[in-house]
Amino acid sequence: MGHVMRTPEQLEAVESFRRFLADRIDPVFNKEYRDKFMPKEKMAEMLRQLSEFGMVSGAVSEANGGLGLDWPTMTMLFEEVAACSVDLSTPVVINSFGAQMLEKLAPAHLRERYLPGLISGDSFVSVGISEPDVGSNVLEIKTRARRDGDDFIITGEKTWISNGSYSDFLICTCRTGDDPRKGLTHFLLDRKEHPYEVQNIHKMAWNSQSTAQIFLNDVRVPASNIIGNEGEALKNTLSFFERSRVFVAAQGLGIGRRALEEAVRYAKERKQHGKLIAGHQLISAMLAEMATNVDAARLLTYRAAEMIGAGIPAEMEAAMAKYFACEAAVTIARQAVQIHGGAGVTTDFLVEKLAREAIIVPIPEGTTQIQQLIIGRALTGVNAF
């Protein structure tokens, strides 16, 4: 279903990973911890197992202790995680991009100290960008880092921060100057050495992992903990958005694909009016529409991944993938519930959970509307933000 061109090595990696997830991981997230918060120690156990297949570890070069997978292969493997559990896929996303930031931007003393734990699955990072009054417009960040000798004192609040309560350290975007574009800087805050307060946010879904508010009250951090150069956080953040949006597109693809699989299975088991409901024309038409949307989402997602892997700018293509795949997930999951009928709104079937998860996925890494504005700007050269 949804074939993309894969090398024999990619095919083998994906198939073995899919079997592992179905056998070892799916029961944990969709039964034991369904809608239940997973403690940090248990989540770390999951990530350590995934590291062997290239999750997080694949995002880091072999020179720095990772597996150095290409971006299309990373996306293929990540789709499998998302189809198994969006709750598990979220720490994978955040730790992967935290690892890439450390590898590409951090000074050696920070990279050598914090990168190995992310690669192995033993530690967690949070990336603090969003604030109560700041979503997609990074230029409006208010969290302030004030210079004090060889240190900075950081004050502010971050919200919707994935891995929040799990985090061993935080890569925090702060305002170090008044220039909207050149006044933002990334700092690494070790949770033990530079304590910050964390409060989990309960949501309609995605609750097996941590999404949190983070409060920073005069946290003193050495200037040597700057990630990248002072004043370059905006440039560095924007450079990662293409990749992160492809991963969120793959989350939408994973949810939609799983909803389709559940609907097909049910349609081949449930009888109504003397025959399997798969034999009813309207059910067949719904499944056909769902399958087409899954494949379209996959093709857009992998086009963007291939472009990124080839070093081709893909801002518009990543935005298209994120926009389409995540909105398609909402439609597909809704149709899967409809095919299940009354059973679809009960917790006895997975589609009830998938429908709630799908509603959330168009929001992270820029809402659907933000993606539309990015696409429009790429087409016309006119900024409608």
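The legends below accompany close-up views of a predicted model.

**View 1. The stretch that UniProt lists as "Acyl-CoA oxidase/dehydrogenase middle".** An unreviewed UniProt entry lists a domain of this name over residues 127–219. In the predicted model, the chain over residues 127–219 is 49% strand and 0% helix, and the C-alpha atoms at the two ends of this stretch are 16 Å apart.

**View 2. D151 and its surroundings.** D151 belongs to strand β3, which covers residues 151–162. The side chain of D151 makes a polar contact with the side chain of R220, at 3.1 Å. When neighbours within four places in sequence are left aside, the residues in contact with D151 are R146, R220, V221, P222 and A223, so that R220 appears both in this set and as the partner in the polar contact.**View 3. The packing of helix α3 with helix α7.** Two packed helices are described by the angle between their axes and by the distance between those axes. For helix α3 (residues 71–84) and helix α7 (residues 281–309), the angle is about 145° and the axes are 8 Å apart. From α3, the residues that take part are W71, P72, T75, M76 and E79, and they meet R298, T301, Y302, A305, E306, I308 and G309 of α7. Sorted by class, the contact of α3 with α7 has 6 nonpolar, 3 polar and 3 charged residues.

**View 4. The largest cavity and its lining.** Rolling a probe the size of a water molecule over the atoms shows where empty space is left. In this model the count comes to 1 cavity of 30 Å³ or more, and the volume of the largest cavity is about 50 Å³. The lining of the largest cavity is formed by N30, A82, A83, C84, S85, V86, I255, R258, L350, K353, L354 and E357. Helices α3, α6 (233–267) and α9 (350–360) each supply at least two residues of this lining, and α9 gives the most, with 4 residues. By class, the lining of the largest cavity has 7 nonpolar, 2 polar and 3 charged residues.

**View 5. The stretch that UniProt lists as "Acyl-CoA dehydrogenase/oxidase C-terminal".** The domain of this name comes from an unreviewed UniProt entry, which lists residues 237–379 for it. Over residues 237–379 the chain is 76% helix and 3% strand, and the end C-alpha atoms of the stretch are 23 Å apart.

Technical notes: Residues are numbered from 1 along each chain as its sequence is written. This is a predicted model: local features need pLDDT of at least 70, side-chain atom pairs count only at pLDDT 80 or more; totals for chains, interfaces and linings use all residues. Side-chain values use heavy atoms; hydrogens and water are left out. UniProt positions are given in the numbering used here, feature names are shortened, and annotations may be inferred rather than shown by experiment. A polar contact is a pair of N or O atoms within 3.5 Å; within protein, one must be able to donate a hydrogen and the other to accept it, and residues adjacent in sequence count only if both atoms are side-chain atoms. Contact means heavy atoms within 4.5 Å. Axes are lines fitted to C-alpha atoms, for helices over the stretch in contact, and angles run from 0 to 180 degrees between N-to-C directions. Ala, Val, Leu, Ile, Met, Phe, Trp, Tyr, Cys and Pro count as nonpolar, Asp, Glu, Lys and Arg as charged, and the others, Gly among them, as polar. On a 1 Å grid over the protein atoms alone, a cavity is a set of points where a 1.4 Å probe fits but cannot get out, and a pocket is an open set with protein on both sides within 12 Å along at least five of seven lines; lining residues have an atom within 4 Å of a point. Grid points are joined across faces, edges and corners, and a volume is the space filled by probe spheres set on the points.
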